[in-house]
Amino acid sequence: MIELENVSKSFTLHNQGSAVIPVMERVNLAVSPGECVGLVGASGAGKSTLMRLIYGNYLAAEGRVMVGDLDVAQAAPRQIIALRRETLGYVSQFLRVVPRVAALDVVAEPLLAVGTPLEAARDKAASLLAELNIPERLWSLSPTTFSGGEQQRVNIARGFAYDYPALLLDEPTASLDAKNRATVLSLVESAKARGAAIIGIFHDEAARDQVCDRFIDVSAFTPQVSA
Amino acid sequence: MMAPQVGEQDMTPLLQVNGLTKMYGARIGCRDVSFDLYPGEVMGIVGESGSGKSTLLNAMAGHHAPDRGEVIFDTRADGPQDTLKMSEPERRMLGRTDWAFVHQHARDGLRMSVSAGGNIGERLMAVGGRHYGEIRAQAADWLGRVEISDSRIDDRPSAFSGGMQQRLQIARNLVTGPRLVFMDEPTGGLDVSVQARLLDLLRGLVREMGLSAIIVTHDLAVVRLLADRLMVMKDGHVVESGLTDQVLDDPQHAYTQLLVSSVLQV
């Protein structure tokens, strides 16, 4: 479902003497439907960079980034937009929303984008928010006013509202208490059970071992710096 | 409300711009701009003041005659047509039906001496609406959608706040169900709280009506929230374009890198 072949990535800083900073080299990996692969490696090794390459907010310098039938490294913007709407979900570490939109509608939005009727989308959003222990009195408020942990759970609910065939999870269990962590892990388990291909970053080792089928150490892709 | 379009099967671009160039004497307004816009897409154009982004918008919308290039619009009746080659009445009709233009200053897009309801109704009448009761009912409906109380329907826009005037301008433009909306700094000059409200409104309307839009702004936060795609202009040229978050998170061109790194973090 997700397959990277010989992907490399570097940043060129034009305003700092055109310094070229290579960050990833020769990335090869494949994730099948129903499989959850954990990315490991020290902080700064490039776990999040790899996810952004797959999601398309970083442009790969070389190689192929296949998600389903689409090569994200070569695709036109509208193809990536369609991919993100219908195929590839991403739970980032930060919630980014239009101010003033109610939490319930933030979570329902991915469903509305694929044409789910408003009532059904809101029902699904409500059940996810309830499952993640967001008190009902907060549902009509904008998540911009929520605590960090609450925002993160809204972000997770949004990421799991629609059944994406492929999912990227960037630290979905960070800063959650045991009960909410268990809920998130069961969401991951059921996504696997319905056949989603998942790539995740989990700092928490117990969580990691519970849901991941195997691990990829991204330090293997870090370019060897001679200095 | 109609369901949003899913899996866009029709792959004809709604708008094709080819080699559009506008000079002011020897100075470049915008040069050799080309892109395709598909149904339902929202494209942002960013760049500093004087980069040519408003010139480009006005040239596309037919407000200024460009020196070279084509602006091909997929018309309902006759399919793709070069709007620059249309007769003046044809282009005016397009401007009243399938196209809309939201000005930065609401005063430029409203008739200040006509009531709020009249401002909305006027556009309906321009496309053949004649039944007073229906026009007034639609005007009231649109005031509600842009969150203006219908008790204000007979007030003139000069009695409205800046944010309300901008929302009225949007209602006036969208009442005829256009397929393409040009916006020039739609949130410029408004308080941040009013901006947020307007952004939310625009996003909902884009999704519900399946609109395509081209938004000129200097505000990167606005494009991140509203635009699927982004075009960065400098000195009349397009220096970079692509998926909005790719251009903002991984800018390739020197100027875009400078632009992105110049934003104050809040």
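Let's start in chain B, where Q16(B) stands opposite I72(B), a residue of β4(B). The strands here, like the helices, are DSSP runs numbered from the N terminus (at least two residues marked E for a strand, at least four marked H or I for a helix). Strand β1 of chain B covers residues 15-24, strand β4 of chain B covers residues 68-75, and five bridges join the two, which run antiparallel. Two strands count as paired if DSSP finds at least two bridges between them.

Before going on, a word about the model: it is predicted, so local features need pLDDT of at least 70 and side-chain atom pairs pLDDT 80 or more, while totals for chains, interfaces and linings use all residues. Residues are numbered from 1 along each chain as its sequence is written, with chains lettered from A and ligands numbered from 1 in the order in which they are written.

Now zoom out a bit. In chain B, an open sheet of four strands follows the order β2-β1-β4-β5, with antiparallel pairing. Its edge strands are β2 (27-37) and β5 (79-82) of chain B, each pairing on one side only. On average, neighbouring strands of this sheet are turned by 20° against each other, direction ignored.

Over in chain A, there's an open sheet of four strands too, in the order β2-β1-β4-β5 and with antiparallel pairing. Here β2 (19-31) and β5 (70-71) of chain A stand at the edges with a single partner strand each, so one side of each has no neighbour in the sheet. Strand β4 of chain A (residues 62-67) runs antiparallel to β5(A), and two bridges join them. Look for M66(A): its bridge partner in β5(A) is D71(A).

Technical notes:
Axes are lines fitted to C-alpha atoms, for helices over the stretch in contact, and angles run from 0 to 180 degrees between N-to-C directions.
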